[in-house]
Structures are given as structure tokens and as C-alpha cells.
Amino acid sequence: MSKNVISKLPVMLHGADYNPEQWLDMPEILERDIELMKKAGVNCVSVGIFSWVSLEPEEGVYTFDWLENVINRLYVNGIYTVLATPTGAKPSWMAKKYPEILRVESNRVRNLQGGRHNHCYTSPVYREKTRLINTELAKRFANHPAVILWHVSNEIQGECHCELCQAEFRKWLKKKYRTLDNLNKQWWTCFWSHTYTDWEEIESPAPHGEPCIHGLNLDWKRFCTEQTVDFYKEEIKPLKEANPDIPATINMMAYYDGIDYWKFAEVLDIISWDSYPMWHNGGTDDSGGAIWNAFWHDAMRSMKQQPFLLMENTPSTANWCGVSRHKRPGMNLLTAIQAIAHGSNSCQYFQWRQSRGSVEKFHSAVVGHNGSDKSRIFLEICKTGDALRKLDGVLTADVNAQVAIIYDVENKWAVEDSKGPRNEGMGYTDQILQTYGSFWKQGIPVDVINMDADLEKYRLVCVPMPYMLRGDFAARLKKYVEKGGTAVVTYFCGMVNENDLCYLGETPAEGISDMLGVVFEDIDGLYDYQRNHVVFDSESGLEGEYETSKLCEIVTVKTAEVLGKYKEDFYAGYPAFTVNNYGKGKAYYQATVMNGEFSDKFYKKLCGELRIRRSLETDLPQGVTAGRRMTENGTEYIFIENFVNETREIDLPYPLYDIISGKTISGRTVLEPYAAMVCK
Ligand code: GLA
Ligand code: ZN
């Protein structure tokens with residue numbers, strides 16, 4: 001049972017990034033903002049993101065009065081503050097005086113001042129400047145009644161290749177490998193005569209230097225992740241010292257894999273993220289974007305196994321896309337409800353008010369340049385605000401998924417750096433999203449976990465492309481199946497260890513081949529336009545012929561039962577889909593990239609056999625899904641979402657009360673285009 005993640009304000013949060021510092025010379029705008037926030041049902045705003053120069057215009061001179069006035073004015077009007085540390089972008093005076101804080105790119109060129117996320121995470125100067133400003137901020141605001149959450153930096157990301165970072169990297173490597181001889185072995189550096197004879201010879205990967213050592217590439221990303229986590233830990237010290245009870249978060253870009261966000265889970269109090277799917281980039285059907293978005297929501301919830309916050313999404317368009325397409329009418333409420341269905345306790349926007357100049361002046365905001373409260377976007381936000389007010393009961397309700405999909409960032413790094421069998425896209429995320437989509441279409445909740453997570457509580461664990469076996473994952477997976485669990489494992493499995501060295505001998509390694517009852521022989525890469533087919537006979541219960549593409553693995557059977565075989569090419573007749581009894585459980589192996597039709601059919605059948613609960617016991621029409629959250633005392637919330645710009649009909653198994661519309665629905669029910677319901 002989840003406690004409320006924001007104990008100081010136990011309501012469904014509705015708010016936005018707010019930049020009052022841009023309007024300090026127009027006080028009437030700030031007053032109008034409050035009036036409009038109340039109209040839109042906004043109960044919190046994120047303030048101070050990127051405000052460093054307004055807070056410290058000269059070195060050591062702190063000007064916080066404007067911020068305090070803003071926070072106070074908001075507070076007396078019932079609006080709480082998510083207070084940001086300003087470290088996502090630094091003032092120009094600082095960059096000029098301390099060039100060491102400027103980031104160095106992998107080409108070893110030091111950036112000029114500008115943009116954001118343009119600092120070094122190692123630089124002692126930047127760390128000290130961060131400590132000082134955060135100490136002052138915390139002194140003034142950590143015990144302010146309006147402050148509910150620390151928003152640390154903004155979308156923490158990127159890497160720096162400066163000399164300070166290189167030196168730290170070498171230290172990190174020494175600690176990990178102890179001897180250079182060991183490092184050389186683990187990285188297989190003898191290849192092309194790349195053996196290191198002095199620690200000082202080691203440099204981070206570079207396009208004009210060393211991009212070839214896979215172990216180095218992996219360790220560099222691991223180091224950058226740890227260095228960023230370490231920076232975060234330093235950054236929150238003064239905040240926590242001033243008041244340990246205010247939780248802290250970073251707003252993640254879940255899909256960004258430059259660093260492994262999962263390594264933050266332990267040090268964050270709350271997970272939050274910024275969701276920017278490309279809505280409406282096709283015809284009337286938005287289920288592709290909905291599946292993508294739902295997947296990352298689930299990943300955010302699963303990271304700490306507790307409700308998360310949707311920290312940013314656009315009120316209508318994002319202006320950094322190739323094309324700025326507006327959310328269609330109803331879409332804003334639908335995306336808010338979608339987030340909540342997957343475990344969010346908020347719907348927050350970027351941004352409250354459009355800036356007058358600079359690069360985001362045409363990014364959508366709740367309030368546009370005309371300042372109107374009659375604009376279509378503003379009214380959509382009001383509608384969402386009205387709905388969220390009715391959903392406080394959902395805050396402590398859990399999703400309790402019975403299915404897990406493994407998405408592992410370190411494995412993804414290795415898969416994408418494998419060099420063959422397909423440098424034109426190994427499709428790791430595609431495979432995962434296809435699998436995920438098959439559950440979404442049935443309205444089955446899924447946890448998205450990495451290789452470190454516990455498997456025991458799931459009825460079904462899907463393991464797409466576990467190419468790199470790290471930690472004790474293989475042992476835990478085998479134990480899980482042995483004790484009665486079901487696993488579906490795909491091609492490109494168990495080939496390298498955590499340093500990206502190929503296993504010698506039988507693969508999938510570490511006994512996974514015993515669990516699967518198959519042995520890997522080879523893998524064929526197919527060009528995008530090439531196809532093979534897999535034929536399933538009637539006994540398999542999946543009778544038919546399904547198209548397959550991209551990667552076809554050739555495996556031989558030890559103990560598995562063959563369900564489907566390749567139809568064409570020199571491996572015609574070889575197993576392509578198998579199942580093996582292992583201990584009390586079962587392990588399926590999918591040796592090739594199957595199409596969506598197969599995936600949907602297979603998982604529907606399997607979920608039926610495993611009696612995995614759907615959120616709503618009915619077959620959902622195309623583009624419609626259902627979600628579920630349940631409180632400890634058994635109150636169940638069912639979320640119904642139509643991601644198609646057309647009406648759809650569903651058969652409800654029992655009458656439901658829609659909290660948003662206040663109506664009871666039953667039997668055959670029409671869903672309007674982009675309909676969103678939250679039912680009890
Ligand atoms: C990100 C950032 C915001 C803003 C938005 C625009 O999510 O965190 O500051 O730039 O993108 O979509
Ligand atoms: Zn650096």
C-alpha cells in the first residue's frame with residue numbers, strides 16, 4: 001500500500017512550470033497569473049527552474065525577495081510551490097570567471113557559455129557554487145509552509161569529457177579493476193594493439209579517438225551515471241540538512257539513455273518525469289503514442305514501486321518537434337487520466353505562461369501571449385482541473401501488476417553497441433514496445449523493471465533481448481521459473497557478460513539455455529525489406545503462419561517443445577518458437593522478431609492460461625485500453641481510455657460509476673473520441 005508521496009499536500013496535483021522572474025517588471029501579469037491559476041484548478045507550480053541569474057546576479061549576492069513574494073502570494077491563494085534548484089543552467093558571469101565549469105564534448109572541444117545542461121558534473125567549482133546557492137535557498141525556503149517538494153536541477157543529462165572528468169574516470173577504473181592487467185583483459189584491449197601500459201593513457205570514448213572498445217564504452221556510461229548521481233547527492237545535502245521532510249525529485253526523460261536513470265531510484269524520494277509523445281502524427285488512431293507513453297509511465301512507477309509525478313507535459317504542442325501539432329480536443333484530459341491510471345499522482349505542464357522571447361516562445365502554455373482565459377487551450381486545462389479535483393481518492397491506490405517486462409539500460413547500451421548482426425537497428429526498444437502493446441490492448445497492467453529488480457511477485461516475466469547478463473540476473477530468472485514462474489525470453493539472449501565479453505561455449509550462457517531447453521547456433525540479420533515466416537501447427541494453439549523480420553536466430557533443441565518453425569531459407573524447419581518445462585515453471589523462447597499480430601494472439605492466449613487479471617473483464621476494441629488502481633481497503637478505480645479520434649463501443653461486464661461525469665454506465669457503452677473515464 002502506498003503512502004501519499006506528497007504528504008504535505010494530499011491532493012491530485014495540477015500545475016505547471018512557472019517563470020515569474022521573466023515578468024517582475026509587470027506586476028499586473030503576476031497578479032493575473034494567480035487569478036488564472038485559480039480558474040484552471042492549479043494547486044501547485046514549479047518555480048525557480050533556470051532562475052540562477054535572478055537569484056544570484058553577481059557572485060555571492062543573493063536576491064531572493066522576489067521569489068519569496070511570489071511564493072507567499074501564491075500560498076495565500078491556495079497554490080503550493082515545487083521549488084527548483086537552479087543548477088540546470090548557469091549564469092554567464094560564472095562561466096566567464098570559472099571556465100572549468102563549462103562542459104567539454106566528446107570531441108574534446110570546450111563549449112562556450114549558452115544553452116543549458118552545459119556544465120561539468122565533476123568540477124569542484126560548480127559543485128561549490130551549487131552548494132552555496134542551495135544552502136541559501138534551503139535556509140530561506142525549506143521550512144516555508146508552501147514548499148512541498150524540491151525539483152532538483154532540470155532533466156539532468158549529458159556527459160563531460162574535460163580533464164577533471166578524465167582524472168575521475170581513471171580513479172573510478174582503478175577502483176573497479178585494481179590492476180591495469182585486469183582492465184586490459186576485461187576490455188580485450190589486445191585487439192588492434194590497444195593495450196594500455198599506463199593508467200594515464202586511458203581516455204573516455206571519442207569519435208576521433210577510441211570508440212572501439214566495448215568495455216570502455218560501457219564503463220564510461222556507467223561512470224557518467226555514477227558521477228551524475230554523486231552530483232545529485234551533493235546537491236541535496238544542504239536541502240536535506242535544512243529540512244529532511246521535504247521530498248526531492250529530478251524530472252527525468254525516461255526514454256533518454258545517455259545515463260541510466262534507474263540508478264537514481266534509491267537516492268530520490270519521488271520519481272517524476274516529463275512526457276512528450278508525438279501525438280497525432282498519423283491518422284485518427286493514437287494508440288502507438290499511447291503505448292509508448294504508457295510504457296514510460298509504468299517504468300516510472302516501477303522504479304520505486306510507488307506512485308510517481310507527471311512533472312511536465314505540454315498543454316497542447318511542443319515547439320521542438322519537426323511539426324508542432326496541437327493536442328486534439330479532449331486529449332489533454334485523456335493524457336492526464338492516462339498518467340494517473342499508470343500511477344501518477346499529478347498532471348503538470350510545461351509551461352504556465354508563454355515566454356515573450358527566446359527559444360520556447362511558441363511552445364504551448366496554459367496561458368498564451370494574449371493572456372486569455374477564453375482560449376481553447378485554457379479551457380481544456382480548466383476541464384482537466386475540474387476532473388482532477390474529483391480524484392484525490394486515487395492517490396494511495398496501487399497498480400499491483402502481475403506481469404513484468406525487463407527493460408535494462410545497461411543491456412540496451414550493449415545491444416546497441418554490439419556491431420552486428422544489424423547495425424541498422426537492433427530494435428531493442430521496438431521489441432519491448434511490441435510486447436508491452438500486447439498487454440496494453442488487453443488492459444493488463446505491467447511493471448517495467450530492470451535486471452536488478454525482484455521477480456518473485458509476478459505471474460509472467462517477459463525478457464526481450466537479454467543479450468548482456470549482468471549481476472545475478474540469470475540465477476534469479478532461473479530460480480523464478482524453477483519455482484513455478486513463466487518467462488518469455490527472446491532472441492539475442494545471454495551472449496555477453498557485463499564487460500561485453502562473449503561467453504565461450506554454450507549460449508544462452510549461465511544456464512539460461514538449460515532453462516529454455518535450446519542452444520544458440522547463429523543469428524541471421526535481415527534487411528528491412530526482407531521477411532521470413534514462422535509456421536505454427538494446430539497443436540500449438542497458435543495455428544497459422546506469421547511474418548518475421550530483422551533478426552532470425554538459428555537454435556537447436558535440447559529439451560524444449562517446438563511450437564513454431566521457420567518456413568524459408570537455409571534454416572527452414574528449424575525451431576523459431578519453443579516452450580520448455582523447467583522445475584515447476586515454463587520458459588518460452590522466441591528466436592526471431594515476430595509480427596504484432598502474433599504477439600497479440602500469443603499473449604492473449606498466455607494471459608488466459610495464467611489467469612492474469614485484466615483491468616476490465618471484457619474484450620477491448622482497437623485503440624481502447626483500461627487501467628486499474630486499488631486501495632488497501634479494496635476500493636478499485638477503473639480507467640477507460642479511448643485513444644482514437646472516433647467513437648468506440650465496449651461491453652461493460654458490470655455497471656460502473658464514472659467519477660468524472662457523475663454518471664453510471666452499464667452494458668454496451670459508447671465512448672466518445674478521446675474519451676477518458678475514471679470509474680468506481
Ligand atoms: C523539457 C524541459 C522544459 C522545456 C520542455 C519543452 O521537458 O524540461 O524546460 O524545455 O522540455 O518541451
Ligand atoms: Zn568535466
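This section describes the zinc site, the surroundings of ligand 1 and two further residues in a predicted model.

The zinc ion (ligand 2) is held by four cysteines. Its protein donors are the SG atoms of Cys120, Cys160, Cys162 and Cys165. These donors lie 2.3 to 2.4 Å from the zinc ion. The angles among the 4 donor atoms run from 98 to 115°, and the site is tetrahedral. Ideal angles for four tetrahedral donors are 109.5 degrees. Along the chain, the donors of the zinc ion follow the spacing C-x39-C-x1-C-x2-C. Cys120 sits in the loop between helix 4 (92-97) and helix 5 (124-141), while Cys160 sits in the loop between strand 4 (147-151) and helix 6 (163-177), so this pair ties together parts that are 40 residues apart in sequence. Cys120 has a relative accessibility of 0% and counts as buried. Cys160 is also buried, because its relative accessible area is 4%, under the 20% cut-off.

Helix 5 also contains Arg127. Its relative accessibility is 17%, so Arg127 counts as buried, the limit being 20%. A polar atom of the Arg127 side chain lies 2.7 Å from the backbone oxygen of Tyr121.

Ligand 1 is surrounded by residues from many points along the sequence numbering. Those around it are Phe50, Arg116, Asn154, Glu155, Asp274, Tyr276, Glu312, Trp320, Phe350, Glu360 and His363. By class, this shell has 5 charged, 4 nonpolar and 2 polar residues. Three side chains with polar atoms beside oxygen atoms of the ligand are described here. For Glu312, a polar side-chain atom lies 2.4 Å from an oxygen atom of ligand 1. For Trp320, an N or O atom of the side chain is 2.7 Å from an oxygen atom of ligand 1. For Glu360, the corresponding separation between a side-chain N or O atom and a ligand oxygen is 2.3 Å. Taken alone, ligand 1 exposes 310 Å², and the protein buries 97% of that area.

Met26 lies in the loop between strand 1 (13-18) and helix 1 (27-39). At 23% relative accessibility, Met26 is partly exposed, because this value falls between the cut-offs of 20% and 50%. Met26 and Arg356 are 330 residues apart in sequence. In space, their C-alpha atoms are 12 Å apart.

Terms used: Residues are numbered from 1 along each chain as its sequence is written. Chains are lettered from A and ligands numbered from 1 in the order in which they are written. This is a predicted model: local features need pLDDT of at least 70, side-chain atom pairs count only at pLDDT 80 or more; totals for chains, interfaces and linings use all residues. Side-chain values use heavy atoms; hydrogens and water are left out. Donors are N, O and S atoms within 2.8 Å of the metal (3.2 Å for Na, K and Ca); water is not among the atoms, so sites may look incomplete. Four donors count as tetrahedral if all angles lie between 85 and 135 degrees; four count as square planar and six as octahedral if opposite donors are over 155 degrees apart and all others between 65 and 115; anything else is irregular. Helices (H or I, at least four residues) and strands (E, at least two) are DSSP runs, numbered from the N terminus. Buried means under 20% relative accessible area, exposed over 50%, partly exposed in between (1.4 Å probe, protein chains only). A residue is near a molecule or strand if one of its heavy atoms lies within 4 Å of it. A polar contact is a pair of N or O atoms within 3.5 Å; within protein, one must be able to donate a hydrogen and the other to accept it, and residues adjacent in sequence count only if both atoms are side-chain atoms. Accessible areas come from the Shrake-Rupley method with a 1.4 Å probe; for residues, only the protein chains shown count as cover. Ala, Val, Leu, Ile, Met, Phe, Trp, Tyr, Cys and Pro count as nonpolar, Asp, Glu, Lys and Arg as charged, and the others, Gly among them, as polar.
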